[in-house]
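Hi everyone, thanks for coming along. Let's have the structure up on the screen, and then I'll walk you through a few spots I liked.

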Amino acid sequence: MTAKLTTKQYLLTTGAQEFALKGYNKARIRVICDNAEANLASVNYHFGGKSNLYLAVFEDLYIRNKWKCAVDDIENADPEDCKEALRSYLTQIFSSNFVKTRAVNLLNTLIYREVIEPSDMFDEVFDRYIKNTLHTIERLICRITGLNEAEDKAKFILFSIVAQIEFYRNSCKLASAYSGKKEGCYLRENMEKIVDHMIATIYV
């Protein structure tokens, strides 16, 4: 264990790695503790169990990497300002799939795992860390289009955008093989065009 890190911090680090690698249900506390060079009782002592450690890992990563909306009062903002804010917000989300920062990659992997293969902790994670991001995107869409959140079309547009982000996240190998460029390069180089394409679908 590195002297600069406390046992609690080290458990958060090794926990994030184990949860990202195997998902919540398959992750093992013994592996997390072994990697942190801590005894099994340390997870209960510092976090009160596996579920609370999982939420603490999300909290730690989310605070460090939270995406920011450029508009504070969305409902009263100019629609064009909201369009630019949406472009910026989606770019942050999309680009985070290609950055080298380990914490960002871990957060994205954890969120992706919960979306694709929900764990026993999905409802808690969704309410705390995913719902707000979706709601921000939906509010921006509504302000840009004049729709309201009660309309199914607003949610359809939202989930269309989310689906596109997830597709691009998982198409790095495909894009590399077809473009002949190093994995991730084609999507990274065309990120702004891809985000503009996502925004264009709002008006279809």
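**Rings first, then a helix**

So, let's begin with the aromatics: Phe19, Tyr24, Tyr54, Phe58, Tyr62 and Tyr129 are linked by ring pairs into a cluster. Please keep in mind that this is a predicted model. One member of that cluster, Tyr24, also has a charged neighbour: the charged end of Lys50 sits over the Tyr24 ring, 4.6 Å from its centre.

How many aromatic pairs does the structure hold? There are nine. Take Phe122 and Phe126: their ring centres are 5.8 Å apart and their planes are at 20°, so this pair is stacked. Planes under 30 degrees apart count as stacked, which is the cut-off used here. Both residues belong to helix α7, residues 122-145, and because they are four residues apart, about one helical turn separates them. As for exposure, Phe122 has 24% relative accessibility, so it counts as partly exposed. Phe126, at 25%, counts as partly exposed too.

Now over to helix α9, residues 172-179. Which of its residues are buried? They are Cys172, Ala175 and Ser176. Looking down the axis of α9, you'd find these buried residues within an arc of 100°, so they line one face of the helix. Turn to the other side and you meet Lys173, Leu174, Ala177 and Tyr178, which are exposed.

And what do the buried residues of α9 pack against? Their partners are α8 (152-169) and α10 (185-189). Right after α9 comes Gly180, with a positive phi near 80°.

That's my tour, and I'm happy to take questions!

Note on methods: Residues are numbered from 1 along each chain as its sequence is written. This is a predicted model: local features need pLDDT of at least 70, side-chain atom pairs count only at pLDDT 80 or more; totals for chains, interfaces and linings use all residues. Side-chain values use heavy atoms; hydrogens and water are left out. Buried means under 20% relative accessible area, exposed over 50%, partly exposed in between (1.4 Å probe, protein chains only). Helices (H or I, at least four residues) and strands (E, at least two) are DSSP runs, numbered from the N terminus. The arc is that of the directions from the helix axis to the C-beta atoms. Contact means heavy atoms within 4.5 Å. Rings of Phe, Tyr and Trp (its six-membered ring) pair if their centres lie within 6.5 Å; planes under 30 degrees apart count as stacked, over 60 as edge-to-face and the rest as tilted. A charge sits over a ring if NZ of Lys or CZ of Arg is within 6 Å of the ring centre and within 35 degrees of the ring normal.
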